[in-house]
Amino acid sequence: MKKFVGVILLGVVLTISGQQVSAQKYGYINRDELFKAMPDYDSANVQVEKTRKELQNQLVAMQNELSSKTASLNNEGKNLSDFLRQNRQDELNSLNVRLQLFQVKATQQLEDKKNQLFQPVIAKADNALRDVAKAEGFIFVLDGTQLLYSDDKKCINILPLVKAKLGLK
């Protein structure tokens with residue numbers, strides 16, 4: 001009789017725990033798709049692209065100046081005194097160093113601009129995602145951009161829910 005009660009009790013515990021596992025909700029979302037649907041993302045992208053073009057134009061101007069002065073030195077170098085040739089060579093070296101420094105600073109400035117503009121967009125999306133996940137009772141949500149397989153009956157794409165939370169189409 002004790003074995004029978006033990007088996008029944010074990011069966012009840014396993015049944016209850018099995019129901020709890022099956023009641024868990026799992027979700028996924030393609031964050032890139034969400035970002036691209038957000039107007040703030042487009043606005044930030046335009047500003048970053050504008051900054052990138054400005055920096056690129058300045059870099060091209062500096063490279064053209066270096067090329068022009070290098071060609072001038074190569075053409076006239078034979079007719080110049082040692083002092084003037086050395087002076088122009090020093091000027092070229094200085095310009096080259098400035099160009100390299102500009103490239104490093106421009107890359108950093110562009111990264112800083114991206115972080116400054118995209119961080120609020122990412123935070124807004126993440127907050128909406130977190131709110132939806134909590135409200136809908138999801139155990140966890142995966143980033144669907146790297147999702148290789150999901151069973152749509154057991155795992156839910158929450159992109160439409162998060163878009164609705166953000167007021168997006």
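In which sense, parallel or antiparallel, do β1 and strand β3 (residues 155-157) pair, and over how many bridges? The model is a predicted one, and in it β1 and β3 pair in the parallel sense over three bridges. Strand β1, which spans residues 25-29, has a further partner in strand β2 (residues 138-143). That pairing is also parallel, and it runs over five bridges. Tyr-26 serves as a reference point for both pairings: Phe-140 stands opposite Tyr-26 in β2, and Cys-155 stands opposite Tyr-26 in β3.

The helices bring in the largest pocket, whose volume is about 150 Å³. Two elements, α3 (39-76) and α4 (82-136), each give two or more residues to its lining. The largest share comes from α4, with five residues. The lining is made up of Arg-52, Leu-55, Gln-56, Leu-59, Phe-102, Gln-103, Ala-106, Thr-107 and Leu-110. By residue class, this lining divides into five nonpolar, three polar and one charged.

One residue of α4 can be followed further. Gln-100 has its place in this helix. Is Gln-100 buried, partly exposed or exposed? Its relative accessibility is 43%, and because values between 20% and 50% fall in the middle class, Gln-100 counts as partly exposed. Gln-100 can also be set against Leu-59, one of the residues that line the largest pocket. In sequence, Gln-100 and Leu-59 are 41 residues apart, while in space their C-alpha atoms are 9.5 Å apart.

Conventions:
Residues numbered from 1 in each chain as written. Predicted model: local features only at pLDDT ≥ 70, side-chain atom pairs only at ≥ 80, totals over all residues. Heavy atoms only, no water. 1 Å grid on protein atoms, 1.4 Å probe; cavity = no way out; pocket = protein on both sides within 12 Å on 5 of 7 lines; lining within 4 Å. Points joined across faces, edges and corners; volume = space filled by probe spheres on them. Helix = DSSP H or I, 4+ residues; strand = E, 2+ residues; numbered from the N terminus. Nonpolar A, V, L, I, M, F, W, Y, C, P; charged D, E, K, R; others polar. Pairing = 2+ DSSP bridges. Buried < 20%, exposed > 50% of the residue type's maximum accessible area, 1.4 Å probe, protein only.
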